[in-house]
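This report covers helix packing, the ligand shell and one loop residue. The sequence and structure come first.

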Amino acid sequence: MTEMTADIKWMWKNELYTTKSAPEELAYYERTAKDYEPEFRRNLKYCGPEVCMQSLLDCEQQFGFTVPRNCRVLDVGAGTGLSGEALRRASFNGQIDALEPSDNMFSHAQSKHIYSHRYTDLILPNKETSVPSCSYDLVISIAVFNTRSTTSDCLSEVTRMAKHGGYLSIYFNKIHWDQGCFKDRLLELVAEKHVQILSLEYKPYYEGNVAVSFVLKKL
Ligand SMILES: C[S@@+](CC[C@H](N)C(=O)[O-])C[C@H]1O[C@@H](n2cnc3c(N)ncnc32)[C@H](O)[C@@H]1O
């Protein structure tokens, strides 16, 4: 690869990683929605949806439970629907709803006919969205948490959405896990008996990058 093509390849990263707030990040996704799947899937071999699902399946096997495949699922930061497609491939055949604030990202997801309902909220630290409390059997969030907009202070909001006894499967870039107080926030939720951690592992993200993937049970 020449220096020039390498620069083009990583331009998205410079643009995304210099956003400093949730509205700025939303504007980035609005601008670049049409490039998301070609760039992440085809060029970068992004495997988040598959890996996040596998973390949940591994927990089911290890702990001997099965999340009913006809249950209510919420996909937080559903984007263009790659995560919804992974849910369908894992046989989740019931109602799948999306929380996705970007109209342009979600217009791609809509064409896949996976989601029944869409919440348009932008998740902000320590602020409740319009998602009713304790309303989903499974909440997934893939490549959404970071240190710019959906920060570790948003973890409690996402756990609020799951039913008691329900599950959450969360996956994002390990860089943000290392830099963003996620471990502390997670341990607070455990200490307050809001969640139990079933697994927490480092997994592939894209092109040699590493993600953190964890599965929680809402208590
Ligand atoms: C990298 S994409 C991931 C999409 C999908 N989950 C996947 O794995 O392909 C991140 C998505 O999260 C959404 N997002 C970013 N910040 C958000 C926030 N603060 N609240 C809700 N959604 C957010 C973006 O609009 C974008 O569609």
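## Packing of α3 and α4

Helices α3 and α4 cross with a right-handed sense. The model is predicted. From α3, the contact draws on Pro 49, Glu 50 and Met 53; from α4, Leu 82, Ser 83, Glu 85 and Ala 86 take part. Sorted by class, this contact holds four nonpolar residues, one polar residue and two charged ones.

Two values describe the geometry. Helix α3 spans residues 48-63 and helix α4 spans residues 82-89; their axes are 9 Å apart and meet at an angle of about 45°. That angle makes α3 oblique to α4, because it falls neither under 35 degrees nor within 65 to 115.

## Packing of α2 and α5

A second helix pair involves α2 and α5. Helix α5 covers residues 103-110, and α2 packs against it at an angle of about 30°. The axes of α2 and α5 are 7 Å apart.

Which residues meet here? On the α2 side they are Tyr 29, Glu 30, Ala 33 and Tyr 36. On the α5 side they are Asp 103, Asn 104, Met 105 and His 108. The contact of α2 with α5 has four nonpolar, two polar and two charged residues by class.

## The shell around the ligand

The ligand has 23 residues around it. Those that come nearest are Gly 77, Gly 79, Leu 82, Ile 123 and Ile 142. Leu 82 also belongs to the α4 side of the contact with α3.

Three elements give two or more residues each to this shell: α2 (22-43), α3 and α4. The largest share is four residues, and α2 supplies it. By class, the shell has 14 nonpolar residues, seven polar and two charged.

## Thr 147 in its loop

Where does Thr 147 lie? Its place is the loop between β4 (136-142) and α6 (155-160). Is Thr 147 buried, exposed or partly exposed? Its C-beta has 18 other C-beta atoms within 10 Å, so Thr 147 is partly exposed. A buried residue would need 20 or more, and an exposed one 12 or fewer.

Leaving aside residues up to four places away in sequence, Thr 147 touches His 176, Gln 179 and Gly 180. Take Gly 180 as one of these partners. Thr 147 and Gly 180 are 33 residues apart in sequence. In space, the C-alpha to C-alpha distance between Thr 147 and Gly 180 is 5.5 Å.

Technical notes
Residues numbered from 1 in each chain as written. Predicted model: local features only at pLDDT ≥ 70, side-chain atom pairs only at ≥ 80, totals over all residues. Axes fitted to C-alpha atoms, helices over the stretch in contact; angles between N-to-C directions. Parallel < 35°, antiparallel > 145°, perpendicular 65-115°, else oblique. Left-handed = near helix turned anticlockwise from the far one by under 90°. Contact = placed C-beta atoms within 7 Å. Nonpolar A, V, L, I, M, F, W, Y, C, P; charged D, E, K, R; others polar. Near = placed C-beta within 6 Å.
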